[in-house]
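Subject: Structure handover

Hello,

Here is the structure I said I would pass on. My notes on what was found in it follow below.

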Amino acid sequence: MNLLLGAYLAVHLVYAQIADVREPLTSHLLPRTYNLVQFAVGGPAVAGPTLGKIVPDSWFGIDKVKHFFMSAFIESVSYSALQAAHANHRPALAGAIGITAAFGLGKEIHDYRNPNNHFSIKDLSWDAIGAGAGVVLLSHTIR
C-alpha cells in the first residue's frame, strides 16, 4: 500500500510541476498528460526552454557522486523514520524508495525550471543507482 501511495505521490508531483510550468492556466487533463509524455520522452531538448542549447553533462563527476550518496542517505533516513513509526520492513522499504524517487524527480524538475540549471537523465540514473545501493544495504540490516 505504501508503495502505491509513494508512486502516486511521485507521479502527482511530476504531473503538477510540469503542468504548472508548461501550461499554468490549463485545467484539462489531456494537454497536461501530453506535456508529461513529451517531457519524459524528449526531455528538455523537446519540451524545455533550452531548445537548441547543448549542455555538457558527463556520466562521472562530483555531481554524480553527490546524487548517489544523497539518494542512499535519503532512503536510509526515510526507512528509519518509517520504522520508527512502527512500519514493518517491506512497507518501510517501499515507502523509502518512493520518498527517494520523489526527491530525485523533484530536484531535476527544480533544475528544469531554473534557467541556470538543466534537467539531467544522468543525474536521475545516479539517483536510482544510489537508491539501489541503499536498498541492498537496508535489506541486510538488523531489524
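Helix 4 and helix 6 are oblique to each other. This is a predicted model. The axes of helix 4 and helix 6 come within 7 Å and cross at roughly 40 degrees. An angle under 35 degrees would have counted as roughly parallel, and the crossing of roughly 40 degrees is therefore classed as oblique. Helix 6 covers residues 121–139, and helix 4 passes helix 6 in a right-handed crossing.

On the helix 4 side, the contact is made by Asp-63, Lys-64, His-67, Phe-68, Ser-71, Ala-72, Glu-75, Ser-76 and Tyr-79. Helix 6 answers with Lys-122, Asp-123, Trp-126, Asp-127, Ile-129, Gly-130, Ala-131, Ala-133, Gly-134, Val-135 and Leu-138. By class, this contact has 9 nonpolar, 5 polar and 6 charged residues.

Next, helix 4 against helix 5.

These two helices pack at an angle of about 140 degrees, with their axes 8 Å apart. That angle makes helix 4 oblique to helix 5. The crossing of helix 4 and helix 5 is right-handed. Helix 4 makes the contact through His-67, Ser-71, Ile-74, Glu-75, Ser-78, Tyr-79, Leu-82 and Gln-83. From helix 5 come His-89, Ala-92, Leu-93, Gly-95, Ala-96, Ile-97, Ile-99, Thr-100, Phe-103, Lys-107 and Glu-108. Sorted by class, the residues in the contact of helix 4 with helix 5 are 9 nonpolar, 7 polar and 3 charged. His-67, Ser-71, Glu-75 and Tyr-79 of helix 4 appear in the contact with helix 6 and also in the contact with helix 5.

The third pair is helix 5 with helix 6.

Their axes come within 10 Å and cross at roughly 160 degrees. Angles over 145 degrees count as roughly antiparallel, so helix 5 and helix 6 are roughly antiparallel to each other. Their crossing is right-handed. The helix 5 residues in the contact are His-89, Leu-93, Ile-97, Thr-100, Gly-104, Leu-105 and Glu-108. Those of helix 6 are Asp-123, Leu-124, Asp-127, Ala-131, Val-135, Leu-138 and Ser-139. The contact of helix 5 with helix 6 has 7 nonpolar, 4 polar and 3 charged residues.

One residue of that contact has some further entries. Leu-124 lies in helix 6. Leaving out residues up to four places away in sequence, Leu-124 touches Gly-104, Leu-105, Glu-108 and Phe-119. Leu-124 and Lys-64 are 60 residues apart in sequence, and their C-alpha atoms are 9.2 Å apart in space.

Last, the second largest pocket.

About 180 Å³ of space lies in this pocket. Its lining consists of Asp-63, Lys-66, His-67, Met-70, Ser-71, Ile-74, Thr-100, Phe-103, Gly-104, Lys-107 and Asp-127. Helix 4 (62–84) and helix 5 (89–113) each supply at least two of these residues. Helix 4 gives the largest share of the lining, with 6 residues. By class, the lining has 3 nonpolar, 4 polar and 4 charged residues.

Several lining residues also turn up in the helix contacts. His-67 and Ser-71 line the pocket and take part in the contact of helix 4 with helix 6. Thr-100 and Phe-103 are in the lining and belong to the helix 5 side of the contact with helix 4. Asp-127 lines the pocket and is one of the helix 6 residues in contact with helix 5.

Regards

Conventions: Residues numbered from 1 in each chain as written. Predicted model: local features only at pLDDT ≥ 70, side-chain atom pairs only at ≥ 80, totals over all residues. Heavy atoms only, no water. 1 Å grid on protein atoms, 1.4 Å probe; cavity = no way out; pocket = protein on both sides within 12 Å on 5 of 7 lines; lining within 4 Å. Points joined across faces, edges and corners; volume = space filled by probe spheres on them. Helix = DSSP H or I, 4+ residues; strand = E, 2+ residues; numbered from the N terminus. Nonpolar A, V, L, I, M, F, W, Y, C, P; charged D, E, K, R; others polar. Axes fitted to C-alpha atoms, helices over the stretch in contact; angles between N-to-C directions. Parallel < 35°, antiparallel > 145°, perpendicular 65-115°, else oblique. Left-handed = near helix turned anticlockwise from the far one by under 90°. Contact = heavy atoms within 4.5 Å.
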